[in-house]
Amino acid sequence: MKVSPDPSTDAFNKDCQGREVFDHVTSRWGILVLAALRDGPLRFYQLRDRIGGISEKMLSQNLRVLTRDGLVERMVEPDIPPKVSYRLSPLGQEGSAPLRTLLDWIALRSPDILLAQSRHDANLSPHS
């Protein structure tokens with residue numbers, strides 16, 4: 001007898017509670033923030049510079065969301081002015097490992113993917 005998955009934890013179910021976190025982690029910037037922090041804590045400007053093309057607004061939004069999700073920790077050093085850095089929480093460390101593997105795979109296989117795209121595009125007829 002097959003047991004039905006719990007709809008609240010089944011990612012294929014529209015009512016899955018984890019879908020929101022899935023969106024945060026796998027968003028364009030979320031995956032890069034988590035991967036960038038994998039090597040250790042970074043200050044805001046270091047993180048911004050590490051992730052080419054991200055605006056300060058988008059970085060702030062993603063850090064806020066990932067901190068709320070418990071994946072990133074915000075550390076404030078009581079200097080004048082205060083120094084703020086970000087690091088992965090233990091939960092974030094765990095979650096960033098498969099993301100890093102995915103990024104490594106994309107880097108490795110990008111030439112094959114680009115070739116497949118070129119072949120696909122070449123086979124499209126102008127009337128499709």
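## Salt bridges, core and surface of a predicted model

Arginine 68 is exposed, with a relative accessible area of 67%. Please keep in mind that this is a predicted model.

Arginine 68 makes a good starting point for a look at charged pairs. Its salt-bridge partner is glutamate 20, and the closest N and O atoms of the two lie 3.9 Å apart. This pair links distant parts of the chain, since arginine 68 sits in helix 4 and glutamate 20 in helix 1, 48 residues apart. Glutamate 20 counts as partly exposed, at 46% relative accessibility. Side chains of opposite charge can pair when their charged atoms come close.

How many salt bridges does the structure hold? There are 8, and the table shows three of them.

| Basic residue | Acidic residue | N to O distance |
|---|---|---|
| Lysine 14 | Aspartate 15 | 3.4 Å |
| Arginine 68 | Glutamate 20 | 3.9 Å |
| Lysine 83 | Aspartate 79 | 3.8 Å |

Lysine 83 and aspartate 79 form a salt bridge. Lysine 83 is partly exposed, with a relative accessible area of 35%, and aspartate 79 is partly exposed too, at 34%. Elsewhere, Arg48, Asp49 and Glu56 are joined into one network by salt bridges that share partners.

Lysine 14 is exposed, with a relative accessible area of 67%. Its side chain meets that of aspartate 15 in a salt bridge, and the two side chains are also joined by a polar contact of 3.4 Å. Aspartate 15 belongs to the segment before helix 1 (19-26). Beyond its neighbours within four places in sequence, aspartate 15 touches Pro7 and Ser8.

Now for the interior. In soluble globular proteins, nonpolar side chains tend to be buried together. Here the largest nonpolar core has 22 residues, and Val33, Leu34, Leu37, Leu47, Ile51, Leu63 and Val72 have the most contacts inside it. At least two residues of this core come from each of helix 2 (30-36), helix 4 (56-68), strand 3 (83-88) and helix 5. Helix 2 supplies the largest share, 5 residues.

Which residues does leucine 37 contact, leaving aside its neighbours within four places in sequence? They are Leu42, Leu47, Val72, Tyr86, Arg87 and Leu88.

Some nonpolar residues face outward instead. Leu102, Trp105, Ile106 and Ile113 form a nonpolar patch on the surface, with about 350 Å² of accessible area together. Within this patch, tryptophan 105 lies in helix 5 (residues 90-123). Tryptophan 105 counts as partly exposed because its relative accessible area is 47%, and partly exposed covers the range between under 20% (buried) and over 50% (exposed).

Key:
Residues numbered from 1 in each chain as written. Predicted model: local features only at pLDDT ≥ 70, side-chain atom pairs only at ≥ 80, totals over all residues. Heavy atoms only, no water. Patch = residues over 30% accessible without salt bridge, like charges linked within 9 Å, V, L, I, M, F, W, Y side chains within 5 Å. Areas by Shrake-Rupley, 256 points an atom, 1.4 Å probe, with all protein chains shown as cover. Salt bridge = Lys/Arg side-chain N within 4 Å of Asp/Glu carboxyl O. Helix = DSSP H or I, 4+ residues; strand = E, 2+ residues; numbered from the N terminus. Buried < 20%, exposed > 50% of the residue type's maximum accessible area, 1.4 Å probe, protein only. Contact = heavy atoms within 4.5 Å. Polar contact = N/O pair within 3.5 Å; in protein donor to acceptor, adjacent residues only side chain to side chain. Core = buried A, V, L, I, M, F, W, Y, C linked by side-chain atoms within 4.5 Å.
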